[in-house]
Amino acid sequence: YNEVKDQFICREVDWVRVKGKVLPVKIFELVGESKVAEKVAETLKFFNAGYFRYHQKDWLNAVDAVLAWCHVLLGSIQRDAEGFDQSCFG
């Protein structure tokens, strides 16, 4: 992650235990190049907030942030589907 963080947008998705290591290793998902769409950046903000609160064991605020993430994500999907419906079926 440290080698590519300036060229790519990544999000941390988990910590795993690796044989031979004492500390967990962080796992990242590649999201895109250094600039991503505004909607992607907005969803990342909520995901990261929920993920941070989850690791802090702040369960209620983690759930609130994940629900906000889902709301933004599903709203985007719904708008895309409506646009598809209108463009294909008049």
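# A walk through the β-β-α-α chain

Start with the whole chain: read along the sequence, its pattern is β-β-α-α. Colour by secondary structure and you should find two helices and two strands. Keep in mind as you go that this is a predicted model. The chain has 90 residues, and buried ones make up 16% of them.

**Stop 1: the two strands**

Select residues 8-16 for strand β1 and residues 25-33 for strand β2. Now show the side chains of R11 and E29. Their closest N and O atoms are 2.5 Å apart, and the two form a salt bridge. What does this pair tie together? R11 belongs to β1 and E29 to β2, so the salt bridge links parts of the chain that lie 18 residues apart in sequence. Switch on a surface and compare the partners: R11 counts as buried, at 17% relative accessibility, while E29 is partly exposed at 33%. The cut-off for buried is under 20% relative accessible area, so R11 falls within it.

Stay with the strands and add K26 and E12. These side chains also meet in a salt bridge, with 3.9 Å from N to O. Here K26 sits in β2 and E12 in β1, so this pair ties together parts 14 residues apart in sequence. Is E12 buried or exposed? Its relative accessibility of 16% makes E12 buried. K26, on the other hand, is partly exposed, with a relative accessible area of 45%. As a general point, side chains of opposite charge can pair when their charged atoms come close.

**Stop 2: a nonpolar patch**

Next, select V13, V16, V18 and I27 and show them as a surface. Together they form a nonpolar patch, with about 240 Å² of accessible area. Pick out I27 from the group: its place is in strand β2. This residue is partly exposed, with a relative accessible area of 34%.

**Stop 3: along the first helix**

Move on to helix α1, residues 38-55. How many salt bridges does the structure hold? There are three, and you have yet to visit the one between E42 and K39, where the closest N and O atoms are 3.2 Å apart. Both residues are in α1, three residues apart, which means about one helical turn separates them. Check the surface here as well: E42 is partly exposed at 28% relative accessibility, and K39 is partly exposed at 31%.

**Stop 4: the largest pocket**

Now for the largest pocket. Select Y1, C10, R11, E12, W15, N48, Y51, F52, H55 and Q56, the residues that line it. Its volume is about 150 Å³. Which elements each supply at least two residues of this lining? They are β1 and α1. You may recognise R11 and E12 in the lining; R11 is the salt-bridge partner of E29, and E12 is that of K26. Try colouring the lining by residue class: five residues are nonpolar, three are polar and two are charged.

**Stop 5: a loop residue to look at**

Follow the chain to K57, in the loop between α1 and α2 (59-89). What is notable about the backbone of K57? Its phi is near 60°, a positive value in a residue other than glycine. For background, most residues other than glycine have a negative phi. K57 is also exposed, with a relative accessible area of 62%. The cut-off for exposed is over 50%, so K57 qualifies.

**Stop 6: into the second helix**

For the last stop, select A62, which lies in helix α2. Is A62 buried or exposed? With 7% relative accessibility, A62 counts as buried. Add F47 to your selection and draw a distance between the two C-alpha atoms. A62 and F47 are 15 residues apart in sequence, and their C-alpha atoms are 9.1 Å apart in space.

To finish, zoom back out and follow the β-β-α-α pattern once more from the start of the chain.

Methods
Residues numbered from 1 in each chain as written. Predicted model: local features only at pLDDT ≥ 70, side-chain atom pairs only at ≥ 80, totals over all residues. Heavy atoms only, no water. Salt bridge = Lys/Arg side-chain N within 4 Å of Asp/Glu carboxyl O. Helix = DSSP H or I, 4+ residues; strand = E, 2+ residues; numbered from the N terminus. Buried < 20%, exposed > 50% of the residue type's maximum accessible area, 1.4 Å probe, protein only. 1 Å grid on protein atoms, 1.4 Å probe; cavity = no way out; pocket = protein on both sides within 12 Å on 5 of 7 lines; lining within 4 Å. Points joined across faces, edges and corners; volume = space filled by probe spheres on them. Nonpolar A, V, L, I, M, F, W, Y, C, P; charged D, E, K, R; others polar. Patch = residues over 30% accessible without salt bridge, like charges linked within 9 Å, V, L, I, M, F, W, Y side chains within 5 Å. Areas by Shrake-Rupley, 256 points an atom, 1.4 Å probe, with all protein chains shown as cover.
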